[in-house]
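Good morning, and thank you for the time. I would like to take the group through one structure, moving from its strands to its core and its charged pairs.

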Amino acid sequence: MKHITPLCLFACVCVGGSAFAEVPSSSPQKTETLQSSPEDLAEVQGTWVRTVKTETGTYTITKQHRGNETTLTITGADDRVVESKTSEFRLETTGKVRIFTFFNNRFTAGANRGRTADVPQSYIYRVTGDTFIEVRGMLIDDDSEPAVITWKRVTK
């Protein structure tokens, strides 16, 4: 494979995910989904970055959370934008985990520019200091392979 298509790269970056599903009522745990607190929302704000190495090179992925909107940008080793998108997000807490759900994806740069992906995707998340951890593939009805993705906060 000589070139990686932006869509393929994007699929690697945004490993599957599906809408949040509640634990069945027969579960011994009672779960209640709560919207995030202002503190939870403040904790995820800012710019986060990670690096992905593939057969075709190294890519930097940057996401910026402002309010309830995310801008995600993938750049190549030459700092050229490969793909970019914006989405809305909401934070929830259920049982003993926090859920990050993003939706209304709008591709703004790259081969998918103008494309939309409205289906919500959710994952478990945690922020510890300057580290944002996504755990994908663990929610009910999420058939994707489990994956842990770690982001580092960009500080000035």
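Strands β5 and β6 form a hairpin with 2 residues between them. In the turn, Gly95 has a positive phi of about 55°. I should say at once that this is a predicted model, and everything that follows should be heard in that light. The two strands of this hairpin run antiparallel and are joined by 11 bridges. Within that pairing, Leu91 stands opposite Phe100 in β6. Please keep both of those residues in mind.

Strand β6 also takes part in a hairpin with β7, here with 5 residues between the strands. The turn contains Gly114, whose positive phi is about 90°. The pairing of β6 with β7 is antiparallel and covers 2 bridges. Arg106 has Thr116 in β7 as its bridge partner. In addition, β6 pairs with β8 in the antiparallel sense, over 5 bridges, and there Phe102 stands opposite Gln121.

Let me now place these strands in the whole chain. The protein chain has 2 helices and 10 strands. Along the sequence the order is α-β-α-β-β-β-β-β-β-β-β-β. Of its 156 residues, 36% count as buried. The chain exposes about 9,000 Å², and carbon and sulfur atoms supply 53% of that area. If we take the contacts with a separation of 6 or more, 45% of them are between residues 24 or more positions apart.

I turn to the interior. In soluble globular proteins, nonpolar side chains tend to be buried together. Which residues touch the most other members of the largest nonpolar core here? They are Val44, Phe100, Tyr125, Phe132 and Trp151, in a core of 18 residues. Several strands contribute: β2, β3, β4, β5, β6, β8 and β10 each supply at least two residues of this core.

Tyr125 deserves a closer look. Leaving aside neighbours within four places in sequence, Tyr125 is in contact with Val44, Phe100 and Phe132, among others. Its contacts also include Leu91, the residue that stands opposite Phe100 in the pairing described earlier. Two charged residues are on the list as well, namely Asp40 and Arg98.

That brings me to the salt bridges, of which the structure holds 8. The side chains of Arg98 and Asp40 form one of them, with an N to O distance of 3.3 Å. This pair links distant parts of the chain, since Arg98 lies in strand β6 and Asp40 in helix α2, 58 residues apart. Are the two partners buried or exposed? Asp40 has a relative accessible area of 10% and is therefore buried. Arg98, at 29% relative accessibility, counts as partly exposed.

A second example takes us back to the hairpin of β6 and β7. Asp118 forms a salt bridge with Arg106, and their closest N and O atoms are 2.5 Å apart. Here Asp118 sits in the loop between β7 and β8, whereas Arg106 belongs to strand β6, 12 residues apart. Both partners are partly exposed: Asp118 has a relative accessible area of 42%, and Arg106 one of 32%. Returning to Asp40 and Arg98, salt bridges with shared partners join these two residues and Glu43 into one network.

A third pair is formed by the side chains of Arg80 and Asp78, at 3.7 Å from N to O. Asp78 is exposed, with a relative accessible area of 55%.

My last residue is Glu134, in strand β9. Why does Glu134 count as buried? Its relative accessibility is 2%, and the cut-off for buried is under 20%. What does the side chain of Glu134 contact? There is a polar contact with the side chain of Tyr123, at 3.4 Å. Not counting residues up to four places away in sequence, Glu134 touches Lys63, Tyr123, Ile124, Ala147, Val148, Ile149 and Trp151. Trp151 was also named among the core residues that touch the most other members.

To close, I would leave two places for discussion. One is the network of Asp40, Glu43 and Arg98, and the other is Glu134, which is buried. Thank you.

Terms used:
Residues are numbered from 1 along each chain as its sequence is written. This is a predicted model: local features need pLDDT of at least 70, side-chain atom pairs count only at pLDDT 80 or more; totals for chains, interfaces and linings use all residues. Side-chain values use heavy atoms; hydrogens and water are left out. Helices (H or I, at least four residues) and strands (E, at least two) are DSSP runs, numbered from the N terminus. Buried means under 20% relative accessible area, exposed over 50%, partly exposed in between (1.4 Å probe, protein chains only). Contact means heavy atoms within 4.5 Å. Accessible areas come from the Shrake-Rupley method with a 1.4 Å probe; for residues, only the protein chains shown count as cover. A salt bridge is a side-chain nitrogen of Lys or Arg within 4 Å of a carboxyl oxygen of Asp or Glu. A nonpolar core is a set of buried Ala, Val, Leu, Ile, Met, Phe, Trp, Tyr and Cys residues joined through side-chain atoms within 4.5 Å. A polar contact is a pair of N or O atoms within 3.5 Å; within protein, one must be able to donate a hydrogen and the other to accept it, and residues adjacent in sequence count only if both atoms are side-chain atoms. Two strands pair if DSSP finds at least two bridges between them.
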